[in-house]
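The questions below ask what grounds there are for the labels given to parts of this model, and each answer sets a computed value against the cut-off behind the label.

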Amino acid sequence: MKSSSSRRGVPVPTAVTDALNAHVQAFPATPQTMADTTDGNRRERKVRLVFTTAAGEPLQRSPWARTWRKMVTGANKILADRGKE
């Protein structure tokens, strides 16, 4: 469970906030009802998701992990190929 002392601010470069703002302008967040169990108790609450699936559903860890693994594998191959030049 998160406590108030476990929260912290993280500086974010302007380029990231600009890109995020452009994304939100192009793909406005639609409020959805989701289960929240962060305090150990399950309750429903409205959330506005920045990133969703193509169908507008919340991203789930499993599909995201597969996508991330493919991106990392592809990036590592590009880096390895550049090292051979």
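Q: In which element is V47 found, and why is V47 called buried?
A: In this predicted model, V47 is found in strand β2. Its relative accessible area is 14%, and buried means under 20%, so V47 is rightly called buried.

Q: Which residues is V47 in contact with, leaving aside its neighbours within four places in sequence?
A: With those neighbours left aside, V47 is in contact with T30, P31, Q32 and M34, where contact means heavy atoms within 4.5 Å. R8, by comparison, is 39 residues from V47 in sequence and 21 Å from V47 in space, C-alpha to C-alpha.

Q: How do you know that strands β1 and β2 pair, and in which sense do they do so?
A: Strand β1 covers residues 31–36 and strand β2 covers residues 43–48, and the two are joined in the antiparallel sense over 6 bridges; since pairing asks for at least two bridges, the count of 6 satisfies the criterion. Within this pairing, M34 stands opposite R45, and T33 stands opposite K46.

Q: What lies between β1 and β2 in the hairpin?
A: The hairpin formed by β1 and β2 has 6 residues between its strands, and in the turn G40 has a positive phi of about 90°.

Q: Why is the contact between D36 and R43 called a salt bridge?
A: The closest N and O atoms of D36 and R43 are 3.3 Å apart, and a salt bridge requires a side-chain nitrogen of Lys or Arg within 4 Å of a carboxyl oxygen of Asp or Glu, so the pair qualifies. The two partners fall into separate accessibility classes, since D36 is buried at 5% relative accessible area, whereas R43 counts as partly exposed at 40%. D36 and R43 also belong, with D39 and R45, to a network of salt bridges.

Q: What makes E44 and R42 a salt bridge, and why does R42 count as exposed?
A: The closest N and O atoms of E44 and R42 are 3.6 Å apart, which is within the 4 Å limit. R42 has a relative accessibility of 62%, and exposed means over 50%, so R42 is placed in the exposed class.

Q: How far apart are K77 and D81 along helix α2, and what N to O distance makes them a salt bridge?
A: K77 and D81 are 4 residues apart in helix α2 (residues 61–83), and therefore separated by about one helical turn. Their side chains meet at 2.9 Å, N to O, which is within 4 Å. K77 counts as exposed at 52% relative accessibility, while D81, at 33%, counts as partly exposed. In total, the structure holds 5 salt bridges.

Q: Why does A54 count as exposed?
A: A54 lies in the loop between β2 and α2, and its relative accessibility of 93% is over the 50% that the class requires. A54 and N41 are 13 residues apart in sequence and 30 Å apart in space, C-alpha to C-alpha.

Q: What residue classes make up the lining of the largest pocket?
A: The lining has 6 nonpolar, 5 polar and no charged residues. Among the lining residues are H23, F27, P28, L49, V50, F51 and G56, and of these G56 falls in the polar class because Gly is counted there by definition. The volume of this largest pocket is about 170 Å³.

Methods: Residues are numbered from 1 along each chain as its sequence is written. This is a predicted model: local features need pLDDT of at least 70, side-chain atom pairs count only at pLDDT 80 or more; totals for chains, interfaces and linings use all residues. Side-chain values use heavy atoms; hydrogens and water are left out. On a 1 Å grid over the protein atoms alone, a cavity is a set of points where a 1.4 Å probe fits but cannot get out, and a pocket is an open set with protein on both sides within 12 Å along at least five of seven lines; lining residues have an atom within 4 Å of a point. Grid points are joined across faces, edges and corners, and a volume is the space filled by probe spheres set on the points. Buried means under 20% relative accessible area, exposed over 50%, partly exposed in between (1.4 Å probe, protein chains only).
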